[in-house]
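Got a structure open and a pile of terms to make sense of? Let's go through them one by one.

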Amino acid sequence: MNEQQFIEALKEKGIELTEIQIAQFKKYFELLVEWNEKMNLTAITDLEGVYLKHFYDSISTSFYFDFTKVQSVCDVGAGAGFPSLPIKICFPHLHITIVDSLNKRITFLTHLSEELGLENVSFVHARAEEFGQNAKYREQFDVVTARAVARLSVLSELCVPLAKQGGYFVALKAAAGKEELKDAKKAITTLGTELNEEFSFTLPVEESERTLYIFDKVKQTPKKYPRKPGVPNKTPI
């Protein structure tokens with residue numbers, strides 16, 4: 001997917017990019033490739049791959065979830081900024097908080113946001129388990145999202161405690177999503193969410209399968225969650 005195909009594909013979905021936004025994506029790609037030579041940010045560095053598998057894939061969340069109706073988004077383990085920063089470029093009103101356990105990725109994201117002129121973005125160097133127990137962030141966000149971080153039973157424990165009551169946990173998954181959902185049923189209920197909607201679709205060009213889950217935060221998460229770093233992964237709820 002080249003730049004023009006990217007622009008057209010988004011236009012078909014109702015997202016018309018301005019010249020500024022087009023330039024921001026171009027700069028994003030250039031910085032991603034440049035910094036990737038110094039640190040491992042992504043295995044995908046060709047232009048067509050980045051525009052399809054990172055930019056378009058991230059923004060595809062907005063085809064099924066209305067970001068115009070929310071303000072604050074927390075992205076857990078965003079790595080090189082996916083999915084939240086491509087979404088932020090398309091929906092500039094959003095306040096984005098990214099938490100990541102690797103400080104060098106936070107350094108990249110800080111530089112990236114400055115170069116792109118992004119406002120209302122903050123980057124926190126922390127383990128997700130500790131971040132979720134921090135009163136400053138716990139149950140503070142309209143939307144909590146993550147892409148390719150952990151299986152759903154583990155991911156729920158890292159993300160759901162951050163969503164405010166009445167907010168949402170939006171999980172981006174590949175083809176294995178349905179199996180993961182079965183394994184995560186207990187975690188989803190225990191943590192205070194319920195499944196609102198699920199969407200299955202294919203990424204254009206390569207036709208790879210995607211599943212998007214939207215969970216409603218219906219009650220407060222019990223204080224014991226998330227548990228200490230490493231525990232959710234070793235012994236999922």
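Here come some questions and answers about how the terms apply to this model.

Q: What kind of model is this, and how are residues numbered?
A: This is a predicted model, where local features need pLDDT of at least 70 and side-chain atom pairs count only at pLDDT 80 or more, while totals for chains, interfaces and linings use all residues. Residues are numbered from 1 along each chain as its sequence is written, and side-chain values use heavy atoms, with hydrogens and water left out.

Q: Why is Phe29 called buried or exposed?
A: Buried means under 20% relative accessible area, exposed means over 50%, and partly exposed is in between (1.4 Å probe, protein chains only). Phe29 comes out at 14% relative accessibility, so Phe29 counts as buried.

Q: What makes the rings of Phe29 and Tyr51 a pair, and why is the pair called tilted?
A: Rings of Phe, Tyr and Trp (its six-membered ring) pair if their centres lie within 6.5 Å; planes under 30 degrees apart count as stacked, over 60 as edge-to-face and the rest as tilted. The centres of Phe29 and Tyr51 are 6.3 Å apart and the planes are at 50 degrees, so this pair is tilted. The pair links distant parts of the chain, with Phe29 in helix α2 (residues 19-36) and Tyr51 in helix α3, 22 residues apart. Helices here are DSSP runs (H or I, at least four residues), strands are too (E, at least two), and both are numbered from the N terminus. As for Tyr51, its relative accessibility is 1%, so Tyr51 is buried.

Q: Why are the rings of Phe67 and Phe91 called stacked, tilted or edge-to-face?
A: Their centres are 5.9 Å apart and their planes are at 40 degrees, so the pair is tilted. Phe67 is in the loop between α3 and β1 (72-76), Phe91 is in the loop between α4 (84-90) and β2, and 24 residues separate them. Phe67 is buried because its relative accessibility is 2%, and Phe91 is buried because its value is 13%.

Q: How many aromatic pairs are there, and which residues do ring pairs link into a cluster?
A: A search of the whole structure turns up 20 aromatic pairs. Ring pairs join Phe6, Phe25, Tyr28, Phe29, Tyr51, Phe55 and Phe82 into a cluster.

Q: What makes Lys38 count as lying over the face of Trp35?
A: A charge sits over a ring if NZ of Lys or CZ of Arg is within 6 Å of the ring centre and within 35 degrees of the ring normal. Lys38 lies over the face of Trp35, at 4.1 Å from the ring centre.

Q: How do you know whether Ser84 is buried or exposed, and what does Ser84 touch?
A: Ser84, found in helix α4, has 1% relative accessibility, so Ser84 counts as buried. Contact means heavy atoms within 4.5 Å. Leaving out residues up to four places away in sequence, Ser84 touches Asp75, Ile96 and Ile98.

Q: Why is Thr221 called buried or exposed, and where is Thr221?
A: Thr221 sits in the loop between β7 and α9. With 6% relative accessibility, Thr221 counts as buried. Not counting residues up to four places away in sequence, Thr221 touches Arg138, Glu139, Val160, Pro161 and Leu191.

Q: Why are Val205 and Glu207 called buried or exposed?
A: Val205 has 63% relative accessibility, so Val205 counts as exposed. Glu207 is exposed because its relative accessible area is 52%. Val205 lies in the loop between β6 (193-202) and β7, and Glu207 lies in the loop between β6 and β7. Neither is a glycine, yet Val205 has a positive phi of about 70 degrees and Glu207 one of about 60 degrees.

Q: Which peptide bond leading to Pro83 is cis, and which one leading to Pro226?
A: The bond from Phe82 to Pro83 is cis, with omega near 10 degrees. The bond from Tyr225 to Pro226 is cis, with omega near -5 degrees. Pro83 is in the loop between β1 and α4, and Pro226 is in the loop between β7 and α9.
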